[in-house]
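Colleague: Please take one part of this model and go through it closely. After that, show me what else in the chain deserves a look, and give the reasoning where there is some.

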Amino acid sequence: MVSFDKVNKWYGTHQVLTDITFEIPKGQVVVVCGPSGSGKSTLIRTINSLEPIQKGKIVLDGVEVHGPKTDLNQLRQRVGFVFQQFNLFPHMSVLDNITFAPIKIQKRPRADAEAFARELLARVGLSEKADSFPGFLSGGQQQRVAIARALALRPPVILFDEPTSALDPEMVGEVLAVMKSLASEGMTMVCVTHEMGFARDVGDRVIFMDQGRTVVDTTPEMFFNNREHPRVQRFLSDIKGQH
């Protein structure tokens, strides 16, 4: 579904991604983790070209993401993206937030888009909030709406960039529960997250980044029992200390 081939990225003279090479097959749930500044958010944002790259190649479902002839609007319709800060339109109802792109970009008939949006709201446990505005929802509810919105374009892959880090602790579980149910339905998912319980229970694979490189790429079981990498050990004990 997604392949990275020797991907490099710089901000000025600072290299943030170095020779990133790996493949994500269809239906796999990949958790990307690592210390602050390790390049994980940059990495996930290169998949739908929110961040340009200077060298290498990323292919998404057969399309070269940063190719000169690639139609980015079309490409982005095939990638759901859930941000840390929800990014909902505050002046639109929940239903309008979810149907905006299908109606405007994919030219779906409003009735179809709204019917599917209501299905998605039921799926994230928010059927009764269709007419509410984002400002009246808790952070956890807003993030669940953002997930429904990302799914509204029926993308084959969905990216999560620290989807729970802006939430109060008691709301994290409700968002992770929605992510777990997506994973169980076979959605291809790439999740940048510090939620190690999610990585352990739901991830098919954990990629650990440090200083712009993928240092470890393995199963959750191998990752959590990793004794070789002092950096991984330190990261895991830091996370434990925070929870």
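Modeller: Start with helix α6, residues 169–184, in what is a predicted model. Its length can be checked. The helix has 16 residues, and at 1.5 Å a residue these should span 22 Å. The C-alpha atoms at its ends are 24 Å apart, which agrees with that expectation.

Next, which residues of α6 are buried? They are Met171, Val172, Val175, Leu176, Val178, Met179, Leu182 and Ala183. Buried here means a relative accessible area under 20%. Around the axis of α6 these residues cover an arc of only 155°, so they lie on the same side of the helix. The spacing of such a list follows a general rule: an α-helix has 3.6 residues a turn, so residues three or four places apart point the same way. On the other side of α6, Glu170 and Ser184 are exposed.

What do the buried residues of α6 pack against? The list holds three strands and three helices by name: β3 (29–33), β7 (157–161) and β8 (188–192), then α4 (110–123), α5 (139–151) and α7 (196–202). After α6 comes glycine 186, which has a positive phi, near 90°.

Two of those helices, α4 and α5, have a loop between them, and phenylalanine 136 is located there. Is this residue buried or exposed? Its relative accessible area is 72%, so phenylalanine 136 counts as exposed. From the C-alpha atom of phenylalanine 136 to that of proline 220 the separation is 37 Å, and their positions lie 84 residues apart along the chain as the count from one to the other.

Now the aromatic rings. The whole structure has six aromatic pairs. In one of them, the ring centres of phenylalanine 89 and phenylalanine 100 are 5.3 Å apart and the planes meet at 70°, so the pair is edge-to-face; the cut-off for that class is over 60 degrees. Phenylalanine 89 sits in the loop between β6 (79–82) and α3 (94–104), while phenylalanine 100 belongs to helix α3, eleven residues away. Both rings belong to partly exposed residues: the relative accessibility is 32% for phenylalanine 89 and 31% for phenylalanine 100.

Elsewhere, Phe208, Phe223, Phe224 and Phe235 make up one aromatic cluster. A member of that cluster, phenylalanine 224, has arginine 200 over its face, 4.1 Å from the ring centre. Phenylalanine 116 has a charged neighbour too: the charged end of arginine 154 sits over its ring, at 3.7 Å from the centre.

Phe208 also falls within strand β9 (residues 205–210). This strand pairs with β10 (residues 213–218) in the antiparallel sense, over five bridges. Aspartate 210 stands opposite arginine 213 of β10. Two residues separate the strands of this hairpin, and glutamine 211 in the turn has a positive phi of about 50°.

One more set of strands remains. Four of them form an open sheet in the order β2-β1-β4-β5, paired antiparallel. Which strands are at the edges? They are β2 (14–24) and β5 (63–64), each of which pairs on one side only. Between β1 (residues 2–11) and β2 there are seven bridges, and tryptophan 10 stands opposite glutamine 15 of β2.

Note on methods. Residues numbered from 1 in each chain as written. Predicted model: local features only at pLDDT ≥ 70, side-chain atom pairs only at ≥ 80, totals over all residues. Heavy atoms only, no water. Phe/Tyr/Trp six-rings, centres within 6.5 Å; stacked < 30°, edge-to-face > 60°. Helix = DSSP H or I, 4+ residues; strand = E, 2+ residues; numbered from the N terminus. Buried < 20%, exposed > 50% of the residue type's maximum accessible area, 1.4 Å probe, protein only. Lys NZ or Arg CZ within 6 Å of the ring centre and 35° of its normal. Pairing = 2+ DSSP bridges. Expected span 1.5 Å × (residues − 1). Arc of directions from axis to C-beta. Contact = heavy atoms within 4.5 Å.
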